[in-house]
Amino acid sequence: MKNNVNREIPDHLLEPLNRKPFTTVDYEGTVTQRVAPRVTATSGRSKVVASLKEVIAKTVKDGMTLSFHHHFREGDFVFNQVMRLVIDMGYKNIAIAPSSLTNVMNAIVVEAIEKGVVTNITSSGMRGTLGDAISHGALANPVIFRSHGGRARAIETGEIAIDVAFLGVPNADEMGNANGMFGATAFGSLGYALMDAQYAQTVVLVTDELKPYPNTPASITQTQVDYIVKVDAVGDPDKIGSGATRFTTDPKELKIAKTVNEVITHSPYFKQGFSFQTGSGGAALAVSRFLRKAMLDQKITASFGLGGITKPMVDLLEEGLVDKLMDVQDFDKGAAQSMHTNPNQQEIDASWYADPANKGAMVDKLDIVILSALEIDTDFNVNVMTGSDGVIRGAIGGHQDAATAQLTIISAPLVRGRIATIVPRVTTVVTPGDSIDVVVTEVGIAINPKRRDLQEVLSNIPGIPVYTIEALQQMAEQQTGTPQALSFTDRVVALIEYRDGTLMDTILEVND
């Protein structure tokens, strides 16, 4: 059947997975039942185990689901250490459920798939050689991609049933009290890992610094932890800010960022006490720099900044331009380092951040959000998952979650190289067009026709042309020409969930 973004969802996927097709962005009044982990009482004086191999032998069995966090991003060491042992020790039919998969993890996951060790994956995203392998049918079962809020919901309801969580932390004591703020490998907020620590059947902390007991402040507490393993290093915090969280110097991206700032400051939401979130991507992250000047000029301060926190957002906090930073992850080392010096930089878990099935997520209080995109179509649907070749090369992240803001802005160039960004139909729908209010490119903006209120206030900004989304698409096509249609087989290699668990789209195997 077709869902409400006109995507066909095969019936044979809906029934076995107990899924429904996407219908609406409105989830008010939804009732869910949460699960609770099994708890084995511990009365000893230490939970420290000699090695990762020993703890894996104690806890892992064939067919289990293992989870990890990605707070280190490209600097993560724990995932590869654990998976190397899981492969070498001969385990089979393992499902992995990391909060996201980064490039540093790709090679070992591909190996694990080829050897029959990993047979199921759920994650926020993937790129590189792993994305290419999945797109060409390497995995027998479809990958399930979820937003950060959707992952929190799925863990709470038991859709993701974590058997063993391996969580890298920069410090812990012998009973399992730990945080992400202190130590040589500190990375800041543990926002995604906090869900795993709360709901996994078995929790293993992997650390490179054992602290005297009791270790405080404790984000993860000893009441949740089963084992602790000390290793030489859990990660490289200098690599947190690589990849999608780079800071741009590109003139086109800076022009887009300036235009985004103009849209924000001319909107009715730029007022005393507004709230905001900036996504990943060069232009989106650069907006905070331009926003600072506008806030100073108009003597406006924000009530809070949300989501992935960056050093420019910390600077706004320290200048008194933002009252609070609600921190689910840190996008650079500067933001991570400020967590233990700024009491108004509050660590939050992924449920508090964006779970649509709780009693009120922080994204519901957002006024303004700036997000990036790989593709936007003439229905304002957004793709952040697959490239122009149909290959998986992105992540949902918090895209769907934050798009519930009062003003959701997509910042993207009209074309990338010779590839159009504004297209008649996106390859993969990740965030529905009903959530998108304004698209900003270097040539001008398009306002969703459903937002007549914004059309009235944003149509006369000096120096910023306003086009229909169809006009922007035609302009892009004039530069790039009409691309050859992609070729896919009928086999589904991945599913895109909306944050409430309904199916937004499928990704088909690329037919080379």
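The lining of the second largest pocket mixes 14 nonpolar residues with eleven polar and eight charged ones. Keep in mind as you look around that this is a predicted model. How much space lies in that pocket? About 760 Å³. A total of 33 residues line the second largest pocket, and the closest to its centre are Glu375, Arg425, Val426, Thr427 and Leu486. If you want to find the walls by element, look for strands S22 (419-420) and S23 (422-423), helix H15 (469-480), and strands S27 (488-497) and S28 (503-510), since each of these gives two or more residues to the lining. Strand S28 supplies the largest share, with four residues.

Now hop over to a pair of helices. Helix H3 covers residues 78-88 and helix H4 covers residues 106-114; the two pack with their axes 10 Å apart, at an angle of about 20°. Angles under 35 degrees count as roughly parallel, so that is how H3 and H4 lie relative to each other. As for handedness, H3 passes H4 in a left-handed crossing.

The last stop is Gly241. Where does Gly241 sit? Its place is in the loop between strand S11 (227-230) and helix H8 (251-265). Is Gly241 buried, exposed or partly exposed? Its relative accessibility is 29%, and the in-between class runs from 20% to 50%, so Gly241 counts as partly exposed. To place this glycine against another residue, take Met83: from C-alpha to C-alpha, Gly241 and Met83 are 24 Å apart in space, and in sequence they are 158 residues apart.

How values were computed. Residues are numbered from 1 along each chain as its sequence is written. This is a predicted model: local features need pLDDT of at least 70, side-chain atom pairs count only at pLDDT 80 or more; totals for chains, interfaces and linings use all residues. Side-chain values use heavy atoms; hydrogens and water are left out. On a 1 Å grid over the protein atoms alone, a cavity is a set of points where a 1.4 Å probe fits but cannot get out, and a pocket is an open set with protein on both sides within 12 Å along at least five of seven lines; lining residues have an atom within 4 Å of a point. Grid points are joined across faces, edges and corners, and a volume is the space filled by probe spheres set on the points. Ala, Val, Leu, Ile, Met, Phe, Trp, Tyr, Cys and Pro count as nonpolar, Asp, Glu, Lys and Arg as charged, and the others, Gly among them, as polar. Buried means under 20% relative accessible area, exposed over 50%, partly exposed in between (1.4 Å probe, protein chains only). Axes are lines fitted to C-alpha atoms, for helices over the stretch in contact, and angles run from 0 to 180 degrees between N-to-C directions. Angles under 35 degrees count as roughly parallel, over 145 as roughly antiparallel, 65 to 115 as roughly perpendicular and the rest as oblique. A crossing is left-handed if the near helix is turned anticlockwise from the far one by less than a right angle, and right-handed if clockwise.
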